[in-house]
Amino acid sequence: NFIRERLDFYHAAVFLRDLPGEFTMIREATGEAGAQMKRAGYKIGIGSKSIVGFVSSRGEQLVVNDTTKDSTYYANPLLPDTRAEAAIPLKVGERILGVLDIQSTRPYAFSEDNLRSLQILADQLAVAVVNTELFAETQEHLSQHRLLHHITTTAASGTTLEEALESAVNGLQVTLGGDRVTILLADREKKILEIKASMGYAENVTTEKILIGSGVTGWVAAHKRPLRVKNVSEDPRYIQLSSNTRSELAIPLIYRNELLGVLNVESEQLDAYTENDEEMLGTLGGSLAAIIANARLLEQIRLQAERERVIYEVTSKIRRSTDIQSILMTTASELTRITGARYAKIQVKPIMDSEQEDQQ
């Protein structure tokens, strides 16, 4: 609006390149023509036969002083009065962010002075665009860290290891927007990974067991390093658990240099995971490993306390018995109850006198 009103031009527009680098998209433009183009999602192919397409590809300024005499000029029906056009790249360093496009109703409307002014505006606009990107990334990181804190806090509040893992996969699936999530724990004696919690898979996936060293998760467990697979169909290590999976990211769960398991996420999109995702899940993996270790320790303490309680209860019943027969009966009965055995047998060696012992 400033360019149009203060510098007296017919039309001004800002185009920004899309992430895949295929098109430059209109983001702002003046007048009713600009409003219509924004509503229609107007875009121009980068490198296409157009002024904006050329500049968005080369990163060099281009001025057409008389559109009626330029064979490469592509007329926009929404801007029928254009007679001159200038496109200035929005660049920071070597990075091309987009294009500032200005049009005039007068041929040769662009002088060295106003082009210099427009170049200064384009440079300032490029810096502003980068700053907004950085701000958006910072906000995204803050949001992710809040979600990670929520996931780890919820998981840590679980009364059992199973509850903690279920809370973690549920929260992580929401954070990733519906991707499949599994947490596998390592059995070091059997040298396998067992799925202990999952979201987004068929129910029978929990029966799967993966050899450490086999598959993507097995490789991560064996090497204790993250692995990001852009296209699972091109990676021979991939073991299919879902036919729709296209990319995968696996993070080792390590506590005090001990491998406890693997956190694994899968997406139906190719190359779905970035370095930022790997960093985020790595942070979560460290917290989950500590939660798993603490949950196992707590479980051991509970089992030990329960064993001691049972032993105390049984010995108390035995002490209340008044003769050897009732002591043996009580002991056998309690052993079958505690162990779940069908029966218990106690053999007692008879007492011998000294002469019998000598003969024995």
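1. Which element gives the largest share of the lining of the largest pocket? In this predicted model, that share comes from α4, which supplies four residues. The largest pocket has a volume of about 410 Å³, and of the 14 residues that line this pocket, the closest to its centre are Leu16, Arg17, Arg27, Leu97 and Glu133. Two or more lining residues come from each of β1 (11-17), β2 (23-29), β6 (95-104) and α4 (112-156).

2. The character of that lining can be read by class: the residues around the largest pocket divide into eight nonpolar, five charged and one polar.

3. The second largest pocket holds about 240 Å³ of space, and its lining is made of 13 residues, with Asn1, Phe2, Ile3, Val14 and Leu100 lying nearest its centre. The elements that contribute two or more residues to this lining are α1 (2-6), β1, β2 and α4. By class, the lining of the second largest pocket has 10 nonpolar residues, two polar residues and one charged residue.

4. Turning to enclosed space, how many cavities of 30 Å³ or more does the structure hold? There are two, and the largest cavity contains about 190 Å³ of space. Among the 16 residues that line the largest cavity, Tyr42, Ile44, Tyr74, Glu85 and Gln103 lie nearest its centre, while β1, α3 (51-58) and β6 are the elements that give two or more residues to the lining. The largest share, three residues, comes from β1, and the lining as a whole is made up of 10 nonpolar, four polar and two charged residues.

5. The second largest cavity has about 110 Å³ of space and is lined by 13 residues, of which Ile210, Thr217, Ile239, Leu241 and Glu248 lie nearest its centre. Here the elements giving two or more residues to the lining are β7 (180-187), α6 (215-223) and β12 (258-267), with the largest share, three residues, coming from α6. The lining residues of the second largest cavity divide into seven nonpolar, four polar and two charged.

6. A last point concerns helix α7, which runs over residues 275-319 and so contains 45 residues. At 1.5 Å a residue this helix should span 66 Å, and because its end C-alpha atoms are 65 Å apart, the expected span and the model agree. At the start of α7, a side-chain oxygen of Thr274 reaches to within 3.3 Å of the backbone nitrogen of Asn276.

Conventions: Residues are numbered from 1 along each chain as its sequence is written. This is a predicted model: local features need pLDDT of at least 70, side-chain atom pairs count only at pLDDT 80 or more; totals for chains, interfaces and linings use all residues. Side-chain values use heavy atoms; hydrogens and water are left out. On a 1 Å grid over the protein atoms alone, a cavity is a set of points where a 1.4 Å probe fits but cannot get out, and a pocket is an open set with protein on both sides within 12 Å along at least five of seven lines; lining residues have an atom within 4 Å of a point. Grid points are joined across faces, edges and corners, and a volume is the space filled by probe spheres set on the points. Ala, Val, Leu, Ile, Met, Phe, Trp, Tyr, Cys and Pro count as nonpolar, Asp, Glu, Lys and Arg as charged, and the others, Gly among them, as polar. The expected span of a helix is 1.5 Å times one less than its number of residues. A polar contact is a pair of N or O atoms within 3.5 Å; within protein, one must be able to donate a hydrogen and the other to accept it, and residues adjacent in sequence count only if both atoms are side-chain atoms.
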